[in-house]
Amino acid sequence: MMKDTSASPETARVAVVERTTRETTITACIDLDTPADADISTGLGFFDHMLTAFAMHARVGLTLACRGDLHVDDHHTIEDCAILIGATVDRALGDRSGIARFGSAYAPLDEALARAVVDLSGRPASVISLDLTRDSIGGVAAENLEHFFASFAIAARAAVHIDVIRGVNDHHKAESAFKAFALACRAAIARDGAGVPSTKGSL
């Protein structure tokens, strides 16, 4: 069950979403206009690190608390956190009027370089290639890091393309991907006051 306790879009681009299933219990809050120190607790240290980097470089306030079935594995926790973060972004954007809509960015981390392109189109799609060679990083399955972005895209109703262009260290490659994604999101959510950014007149 998902519960939306968002603020009115007329007052602020803030959303709070709560969701409880047999696999996870999560509360997520996002403020698209007020950067703040991220408060992330998922039970997965590396994943917390990635989400903290995302919040910092997207310049958003993000609070997320998840209690998941980590005795099974990390899949449900990562997937459901992605769903909740995507849902908060979707709700906080409201009708998406006045946003830039598109964002793209490159981000390096030492030898690794990632590229991210985001379109807040209202149509979910994702193409993700992190080029990770290890099975896991910090107890997080490599495949679930790619799955995070795909799940976010569905819940946020966005097209997300992320490629790690080069790199050797998998930690560096994953972190550069999250940072590039954050920078692209930062550009896409920016207000430009140009009405609904679509020839259709709605997103």
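**A four-strand sheet and its helices**

In this predicted model, an open sheet of 4 strands runs in the order S6-S7-S11-S8, with mixed pairing.

Reader: Which strands stand at the edges of the sheet?
Author: An edge strand has a single partner strand, so one side of it is left without a neighbour in the sheet. The order of the strands is S6-S7-S11-S8. The edges are therefore strand S6 (102-109) and strand S8 (125-129).

Reader: What is the average twist from one strand to the next?
Author: The twist is taken between successive strands of the sheet. Its average is 10°.

Reader: In which sense do S8 and S11 pair?
Author: Strand S11 covers residues 159-166, and S8 pairs with S11 over 5 bridges. Ser129 stands opposite Asp163 in S11. The sense of the S8 and S11 pairing is parallel.

Reader: Which strands does helix H3 touch, and what angle does its direction make with that of S8?
Author: Helix H3 (residues 142-156) packs on the sheet. H3 touches S8 and S11, and its direction makes with that of S8 an angle of about 165°.

Reader: What angle does the direction of helix H4 make with that of S6?
Author: Helix H4 (residues 170-189) also packs on the sheet. H4 touches S6, strand S7 (112-119) and S11. With the direction of S6, that of H4 makes an angle of about 150°.

Reader: How far does H3 reach from its first C-alpha to its last?
Author: H3 has 15 residues. At 1.5 Å a residue, 21 Å is expected. The span in the model is close to that, at 22 Å.

Reader: Which residue follows H3, and what is its phi?
Author: The buried residues of H3 include Ala155 and Ala156. H3 is followed by Arg157, whose phi is positive, near 55°.

Methods. Residues numbered from 1 in each chain as written. Predicted model: local features only at pLDDT ≥ 70, side-chain atom pairs only at ≥ 80, totals over all residues. Heavy atoms only, no water. Pairing = 2+ DSSP bridges. Helix = DSSP H or I, 4+ residues; strand = E, 2+ residues; numbered from the N terminus. Axes fitted to C-alpha atoms, helices over the stretch in contact; angles between N-to-C directions. Contact = heavy atoms within 4.5 Å. Expected span 1.5 Å × (residues − 1). Buried < 20%, exposed > 50% of the residue type's maximum accessible area, 1.4 Å probe, protein only.
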